[in-house]
Amino acid sequence: MPKHSPSTMFLIAPGIDTETLLVHACESLKSASVMASDFATFVDGPQRSMLLVIQQVIMLADMAVNRALDNLDPQE
(Lines give C-alpha, C1' and ligand atoms only; values in the text may rest on other atoms or scores of the structure.)
Protein backbone atom coordinates (compact mmCIF):
# COMPACT_ATOMS: atom_id res chain seq x y z
CA MET A 1 0.00 0.00 0.00
CA PRO A 2 1.52 3.39 -0.98
CA LYS A 3 2.28 5.89 1.77
CA HIS A 4 -0.37 8.61 2.11
CA SER A 5 0.92 12.08 1.30
CA PRO A 6 -1.24 14.95 2.52
CA SER A 7 -2.24 17.56 -0.01
CA THR A 8 -0.15 20.71 -0.07
CA MET A 9 -2.88 22.76 -1.72
CA PHE A 10 -3.51 24.54 1.57
CA LEU A 11 -0.31 24.76 3.54
CA ILE A 12 0.61 26.69 6.67
CA ALA A 13 4.17 27.93 6.46
CA PRO A 14 6.38 25.84 8.75
CA GLY A 15 8.06 28.78 10.50
CA ILE A 16 4.94 30.43 11.91
CA ASP A 17 5.04 30.69 15.71
CA THR A 18 2.41 29.17 17.99
CA GLU A 19 0.96 32.49 19.15
CA THR A 20 0.32 33.64 15.59
CA LEU A 21 -1.33 30.33 14.73
CA LEU A 22 -3.57 30.56 17.79
CA VAL A 23 -4.53 34.17 17.03
CA HIS A 24 -5.57 33.20 13.50
CA ALA A 25 -7.48 30.17 14.83
CA CYS A 26 -9.27 32.43 17.32
CA GLU A 27 -10.31 34.86 14.58
CA SER A 28 -11.52 32.00 12.37
CA LEU A 29 -13.57 30.55 15.22
CA LYS A 30 -15.14 33.93 15.98
CA SER A 31 -16.11 34.30 12.31
CA ALA A 32 -17.56 30.78 12.21
CA SER A 33 -19.58 31.49 15.36
CA VAL A 34 -21.07 34.65 13.85
CA MET A 35 -21.87 32.84 10.59
CA ALA A 36 -23.62 29.97 12.41
CA SER A 37 -25.61 32.42 14.53
CA ASP A 38 -26.61 34.53 11.55
CA PHE A 39 -27.61 31.47 9.54
CA ALA A 40 -29.70 30.14 12.47
CA THR A 41 -31.99 33.17 12.12
CA PHE A 42 -33.08 31.88 8.68
CA VAL A 43 -34.16 28.38 9.73
CA ASP A 44 -36.64 26.91 12.18
CA GLY A 45 -37.09 23.78 14.22
CA PRO A 46 -34.42 21.10 14.51
CA GLN A 47 -32.14 22.78 11.96
CA ARG A 48 -32.05 25.95 14.06
CA SER A 49 -31.29 23.95 17.19
CA MET A 50 -28.51 22.10 15.38
CA LEU A 51 -26.94 25.36 14.17
CA LEU A 52 -27.06 26.81 17.68
CA VAL A 53 -25.36 23.69 19.07
CA ILE A 54 -22.68 24.00 16.38
CA GLN A 55 -22.23 27.63 17.39
CA GLN A 56 -21.84 26.56 21.02
CA VAL A 57 -19.14 24.02 20.08
CA ILE A 58 -17.35 26.74 18.11
CA MET A 59 -17.55 29.08 21.10
CA LEU A 60 -16.08 26.40 23.39
CA ALA A 61 -13.21 25.88 20.95
CA ASP A 62 -12.69 29.66 20.88
CA MET A 63 -12.50 29.69 24.67
CA ALA A 64 -9.89 26.92 24.60
CA VAL A 65 -7.79 28.80 22.05
CA ASN A 66 -8.03 31.98 24.12
CA ARG A 67 -6.90 30.08 27.22
CA ALA A 68 -3.95 28.69 25.26
CA LEU A 69 -3.05 32.27 24.24
CA ASP A 70 -3.29 33.36 27.87
CA ASN A 71 -0.98 30.48 28.85
CA LEU A 72 1.57 31.65 26.29
CA ASP A 73 1.42 35.27 27.41
CA PRO A 74 -0.20 35.55 30.86
CA GLN A 75 -1.75 38.95 31.58
CA GLU A 76 -0.96 39.79 35.21
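Colleague: Does S33 count as buried or exposed, and at what relative accessibility?

Modeller: Please keep in mind that this is a predicted model. A residue is called buried when its relative accessible area is under 20%, and because S33 has a relative accessibility of 11%, it counts as buried.

Colleague: In which helix does S33 lie, and which residues does S33 touch?

Modeller: S33 lies in helix α1, which runs over residues 18-40. Leaving aside residues up to four places away in sequence, S33 touches Q55, I58 and M59.

Colleague: Which other residues of α1 are buried?

Modeller: Along with S33, the buried residues of α1 are L22, C26, L29, A36 and A40. What covers these buried residues includes α2, which spans residues 45-72.

Colleague: Which residues are buried in α2, and what do they pack against?

Modeller: In α2 the buried residues are L51, Q55, I58, D62, V65 and L69, and the buried residues of α2 pack against α1. Two names return here from the contacts of S33, since Q55 and I58 are among the residues that S33 touches.

Colleague: How can I check the length of a helix, and what span should α1 have?

Modeller: The general idea is to compare an expected span, reckoned at 1.5 Å a residue, with the distance between the end C-alpha atoms. For the 23 residues of α1 the expected span is 33 Å, and the end C-alpha atoms are 33 Å apart, which agrees. For α2, with 28 residues, the reach from the first C-alpha to the last is 41 Å, close to the 40 Å expected.

Colleague: How many helices and strands does the protein chain have, and why is it described as more spread out than a compact globule?

Modeller: The protein chain has two helices and zero strands. Its radius of gyration is 17 Å, well over the 11 Å that the globule rule gives for 76 residues, so the chain is more spread out than a compact globule. Taken along the principal axes, the C-alpha atoms fill a box of roughly 50 × 45 × 20 Å.

Colleague: What percentage of the residues of the protein chain count as buried, and what is the accessible surface?

Modeller: Of the 76 residues, 17% count as buried, while the accessible surface comes to about 6400 Å², with 63% of it belonging to carbon and sulfur atoms.

Colleague: How many positive and negative side chains are there?

Modeller: The protein chain has 4 positive and 9 negative side chains, and the centres of these two sets lie 9 Å apart.

Note on methods. Residues numbered from 1 in each chain as written. Predicted model: local features only at pLDDT ≥ 70, side-chain atom pairs only at ≥ 80, totals over all residues. Heavy atoms only, no water. Helix = DSSP H or I, 4+ residues; strand = E, 2+ residues; numbered from the N terminus. Buried < 20%, exposed > 50% of the residue type's maximum accessible area, 1.4 Å probe, protein only. Contact = heavy atoms within 4.5 Å. Rg over C-alpha atoms; globule rule 2.2 N^0.38 Å. Areas by Shrake-Rupley, 256 points an atom, 1.4 Å probe, with all protein chains shown as cover. Lys, Arg positive; Asp, Glu negative; His and termini not counted. Charge placed at Lys NZ, Arg CZ, Asp CG, Glu CD. Expected span 1.5 Å × (residues − 1).
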